[in-house]
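The following paragraphs introduce a structure to a reader who has not met it before. Please view the sequence and the model together while reading.

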Amino acid sequence: MTTMVSRLILSALVAVLAFVVPATAADTPGVTATEIKIGNTNPYSGPASAYGTIGKALGAYFKKVNDEGGINGRKINYITYDDAYTPPKTVEMVRKLVEQDQVALLFQTLGTPTNTAIHKYMNQQKVPQLFVATGATKWNDPKNFPWTMGFQPNYQTEGRIYAQYIMKNFPDAKIGILYQNDDYGKDYRKGLHDGLGEANAKKMIVMEQTYEVTDPTIDSQIVNLKNSGANVFFDVTIPKFAVQAIKKAHDIGWKPTHFLNNVSSSLGTVLKPAGLDASRGLITALYMKEITDPQWKNDKGFQDWLAWMKKYYPDGALDDQSNAYAYNVAILLTHTLKQCGNDLSRENIMRQAGSLKNVELPLLLPGIKVNTSASDFAPIEQEQLAKFDGERWATFGELYDASKK
Amino acid sequence: MTPRARAVAVAVVLALAVALPFFVSNFRLFQFTQVAVYAIALLGLNMLTGYNGQISLGHGAFYALGAYTTAILIDQWSVPYPLTIVVAGILCLVAGFLFGIPALRLEGLYLALATFALALAIPQILKYFEHWTGGSQGIVLSKPNPPWGLKLSPDQWLYYFTLAILVVLFVLARNLLAGRTGRAIVAIRDNAIAAGAMGVNTALYKSLTFGVSAAYTGVAGALSALAIAFVAPDAFNVFLSITFLVGIVIGGLASISGAIFGALFIQFVPNWAQDISKAAPWAIYGIFLIGFMYIMPFGIAGAIRRVAARAARRGTAARA
């Protein structure tokens with residue numbers, strides 16, 4: 001029996017020792033003369049695993065960078081873990097990346113709740129949390145969270161763009177709003193309100209309706225909005241409800257100017273199920289080239305993307321916009337790190353990320369540029385409106401810049 | 001295993017657990033804190049499923065209830081965190097007991113389905129009470145700092161705090177299950193009618209077991225809220241409940257130590273699976289699962305018991 005106990009002790013000791021981490025000492029963790037370590041979490045499993053392709057595509061792009069000699073002679077060592085879109089797993093994996101793998105920075109961690117879970121931690125540890133993959137507005141808060149930065153136009157930005165267009169083209173608009181009763185919906189609503197200004201908002205908005213994401217339908221909200229006499233419909237709904245809204249408005253013969261948020265602008269998951277005919281005339285805001293849109297077939301950015309996809313990410317779907325998104329943002333990080341020169345301290349990485357000037361990315365709409373400053377951590381703030389012509393989104397008019405008043 | 005050997009083993013494991021913070025990094029300690037949290041949750045589920053024979057696919061719901069109780073009490077009313085754990089436990093005890101009453105009419109698979117519904121519903125319910133729960137954005141908390149000027153990192157403190165609660169709850173569970181009550185609970189599992197004929201109030205015992213089980217899982221959830229310092233509905237999806245069930249089966253049904261083995265499994269094996277293959281981590285996880293069940297059909301605790309019994313037999317044979 002004593003051998004049994006001693007064996008138990010021995011195996012327990014081995015188990016403990018196996019977890020002991022050798023301490024490493026370096027000036028900037030994750031940076032050597034030949035390597036930059038970059039950490040990422042993505043949902044490769046679980047309910048949001050459709051987004052996992054972004055994490056894979058990022059790795060595929062860094063492979064290309066390394067094949068071409070890396071960044072200032074340093075190869076990118078990209079470490080990505082599955083967090084299944086569950087915040088506790090994100091916390092665990094991010095702590096592993098920061099404390100054990102000793103990455104220099106975190107890049108494109110995906111999801112709003114998941115990034116919220118590590119927001120405080122990253123800023124306490126003073127490790128860059130760069131270009132997070134979520135549209136929430138809170139990532140642009142350099143004063144309180146100087147180590148976190150977003151990437152895509154946030155929901156408030158988009159709301160302000162619609163407001164600018166409405167004020168210019170429909171000065172007598174009667175606006176009806178439908179929004180999801182959570183942070184996402186409220187962000188959009190706030191953007192529209194801010195863009196209109198207090199006086200205009202009071203005058204123009206005739207009705208606001210909300211729904212819960214758990215509601216089965218939004219039919220009654222649409223009927224209420226119609227009865228309010230609104231002639232402009234600001235539709236802040238996720239795909240499932242966007243389909244219902246488009247259909248119901250069409251069925252009851254309500255024909256407002258219908259602004260549909262970018263979240264639900266997908267042809268495949270929203271417009272086709274709702275009916276292409278009923279969708280005709282919808283207006284949304286875009287910032288990227290839609291890769292399924294034939295107008296970009298001969299565009300250099302699209303061609304380069306296609307060549308890269310075929311060579312480095314042959315498993316990736318060529319009609320999945322996420323792969324274009326990943327390509328854009330990976331190029332932006334590469335650009336930022338190049339701009340750092342030989343000073344790859346975490347402070348300088350944030351400083352350079354906060355001083356991007358007119359950076360163009362191949363799959364942004366022509367004219368849209370990345371701009372940041374020490375007080376502006378929202379890289380993309382321009383969008384262009386597009387109208388659905390029954391087949392595709394046709395961009396029209398000028399570029400809107402939400403950073404300008 | 002003889003009682004003496006068992007006592008020695010427990011003492012050794014406990015000594016190792018107490019010494020752990022001096023060996024490992026804060027990150028590893030955080031992982032072991034999660035192991036301790038899972039172990040409490042698994043012990044709770046094991047009382048219900050392993051000892052009492054009621055299958056629950058919905059313990060993630062009680063875990064969530066505990067986590068949100070702590071988060072809301074700290075966030076809205078600045079209640080001291082140790083107190084919130086007690087409140088979470090009591091609330092889950094009541095909730096579990098109340099759920100246990102209608103569950104009396106459901107046996108086996110039907111109960112599994114009813115509890116499964118609970119697991120499915122909880123993320124949506126959490127989003128519904130947005131004013132308190134913060135909706136899909138959840139609630140951000142601060143990690144508690146060590147009290148009394150102890151020279152510990154927050155991770156080390158939380159680890160000891162969790163470990164202390166684990167020890168108390170395990171001792172309580174052992175005393176509960178080893179005595180009269182435990183025999184009644186097991187008798188209901190083995191043959192409810194016979195147990196009733198012997199004078200066991202099966203309805204009361206089943207509901208009570210449900211309540212105590214939920215309380216354990218709720219306390220675990222509350223501790224997890226402190227360890228993660230964040231709660232959100234996405235953390236408590238259906239998969240969590242299924243993970244708990246995997247944990248008790250792998251660890252060993254109707255075994256107290258099994259909860260610890262199961263917790264180690266559900267904490268570390270998915271990570272190892274991911275290290276082996278990024279492309280198909282769940283396939284690797286599945287292979288691990290099947291492998292474990294094939295080699296150790298009674299769970300890890302069952303396998304250890306068997307090996308120990310064989311060693312003891314050999315010992316007596318050698319002496320004879």
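In this predicted model, a convenient starting point is S78(B), which adopts a positive phi of about 50° just after α3(B). The helix that precedes S78(B) comprises residues 59–77 of chain B. At 1.5 Å a residue, its 19 residues should span 27 Å, and because the C-alpha atoms at its ends are 27 Å apart, the expected and computed values agree. Most of α3(B) is covered, with 16 of the 19 residues buried.

Attention may now turn to the meeting of the two chains. Here 36 residues of chain A are in contact with 40 residues of chain B. On the side of chain A that touches chain B, at least two residues each are supplied by α1 (2–19), β2 (75–82), α3 (87–100) and α4 (112–125) of chain A. The largest share of that side, 8 residues, comes from α3(A). Sorted by class, the side of chain A that touches chain B holds 19 nonpolar residues, together with 8 polar and 9 charged ones.

A further site in chain A is P314(A), placed in the loop that lies between α12 (300–312) and α13 (321–339). Is P314(A) buried or exposed? P314(A) counts as exposed because it has 9 C-beta neighbours inside 10 Å, and the cut-off for an exposed residue is 12 or fewer. The C-alpha atom of P314(A) is separated by 53 Å from that of K203(A), a residue 111 residues apart from P314(A) along the chain.

Methods. Residues numbered from 1 in each chain as written. Chains lettered and ligands numbered in written order. Predicted model: local features only at pLDDT ≥ 70, side-chain atom pairs only at ≥ 80, totals over all residues. Helix = DSSP H or I, 4+ residues; strand = E, 2+ residues; numbered from the N terminus. Expected span 1.5 Å × (residues − 1). Buried ≥ 20, exposed ≤ 12 C-beta atoms within 10 Å, placed from the backbone. Contact = placed C-beta atoms within 7 Å. Nonpolar A, V, L, I, M, F, W, Y, C, P; charged D, E, K, R; others polar.
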